[in-house]
Amino acid sequence: MLVDSHCHLNFEQLSSQMDDVLRRAELANVGHMLTIGTKLREFPSVLSIAEQHDNIHCSVGIHPHEAEEEGADVTVDQLLKLAAHPKVVGIGETGLDYFYEHSPREIQKQSFRIHIEAARQSGLPLIVHTRDADQDTIDILTEEYAKGPFTGVIHCFSSGWEVAEKSMEIGFYISISGIVTFKAAKDLQDHVTKLPMDRLLVETDSPYLAPVPNRGKTNEPSFVTHTAAKVAELQGVDPAMIEETTTNNFFKLFNKIDRKVS
Ligand SMILES: [Zn+2]
Ligand SMILES: [Zn+2]
């Protein structure tokens with residue numbers, strides 16, 4: 001069984017065809033999904049999906065794109081309160097996106113640190129989004145970790161090697177998305193050959209970033225099989241091995257999930 005460690009099932013492209021999406025996931029042997037919060041305003045719709053399905057859990061957080069609107073005022077207590085729900089198993093996604101820079105950098109950083117504090121206090125893993133912000137991501141993670149430990153994952157990893165290295169040094173996992181199947185993603189493919197298998201997760205980040213051979217389509221959890229196959233090829237191992245390892249890694253990191261009910 002595979003796990004899609006990062007998807008957005010509440011987004012209209014997926015929620016409008018939820019039954020079909022989940023049926024195709026089941027047929028593809030994708031047995032568990034983590035649907036990710038991006039705005040507190042939309043958190044109820046994320047949580048309600050998780051509440052309706054035994055094999056779906058969720059996270060709570062504010063995407064860096066939304067930091068200006070919500071991240072400046074959010075408090076650690078507010079996140080902790082929402083994260084206390086049994087179906088909420090991670091904090092995020094949060095982080096830094098200097099590629100789109102939809103929110104001012106200072107507000108993104110402030111929101112990132114508030115999420116880190118919530119992860120530290122709750123013991124739940126932090127789900128980090130980072131794009132074109134390698135140095136600031138490394139600096140904030142390292143600085144904050146020195147104040148007190150927390151766990152987490154770099155989701156949709158597409159950064160330089162140093163982000164992988166420094167985040168693994170503080171115990172983080174690295175989640176690989178469909179980007180790895182793109183012809184142009186040579187750097188990422190090189191990085192994946194070097195990543196230790198016991199740090200790897202796989203994800204779709206659906207409805208975006210559909211992997212080859214489904215590029216251009218609406219992405220969905222069942223497509224994580226293509227990403228896992230590519231990761232196996234790059235790691236030089238059998239796909240069954242990547243399936244087993246990434247699934248075990250997922251449940252090790254998101255350890256609030258009782259694996260027996262999954
Ligand atoms: Zn993201
Ligand atoms: Zn996402």
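Visitor: In this predicted model, why is the approach of the side chain of arginine 120 to the backbone oxygen of glutamate 144 called a polar contact?

Guide: The side chain of arginine 120 reaches that backbone oxygen at 2.7 Å. A polar contact requires a pair of N or O atoms within 3.5 Å, so this approach qualifies.

Visitor: What makes the backbone oxygen of glycine 148 a polar partner of arginine 120?

Guide: A polar atom of the arginine 120 side chain lies 2.9 Å from the backbone oxygen of glycine 148. The limit is again 3.5 Å, and therefore this pair also counts as a polar contact.

Visitor: Which residues does arginine 120 touch, leaving aside those up to four places away in sequence?

Guide: Arginine 120, which lies in helix H6 (residues 105-122), touches Glu144, Lys147, Gly148, Pro149 and Phe150. Each is called a contact because heavy atoms come within 4.5 Å.

Visitor: How do you know that Glu93, His129 and His155 are donors of the zinc ion (ligand 1)?

Guide: Glu93 (OE), His129 (ND1) and His155 (NE2) coordinate this zinc ion at 2.0 to 2.1 Å. A donor must be an N, O or S atom within 2.8 Å of the metal, so these atoms meet the condition. Along the chain the donors follow the spacing E-x35-H-x25-H. The two histidines link distant parts of the chain: histidine 129 is in strand S5 (residues 126-131), and histidine 155 is in the loop between strand S6 (152-154) and helix H8 (161-169), 26 residues apart.

Visitor: What connects the zinc ion (ligand 1) with the zinc ion (ligand 2)?

Guide: Glutamate 93 coordinates both ions, which are 3.4 Å apart.

Visitor: Are histidine 129 and histidine 155 buried or exposed?

Guide: Histidine 129 and histidine 155 are both buried, which means that each has under 20% relative accessible area.

Conventions. Residues numbered from 1 in each chain as written. Chains lettered and ligands numbered in written order. Predicted model: local features only at pLDDT ≥ 70, side-chain atom pairs only at ≥ 80, totals over all residues. Heavy atoms only, no water. Helix = DSSP H or I, 4+ residues; strand = E, 2+ residues; numbered from the N terminus. Polar contact = N/O pair within 3.5 Å; in protein donor to acceptor, adjacent residues only side chain to side chain. Donors = N, O, S within 2.8 Å, 3.2 Å for Na, K, Ca; no water. Buried < 20%, exposed > 50% of the residue type's maximum accessible area, 1.4 Å probe, protein only.
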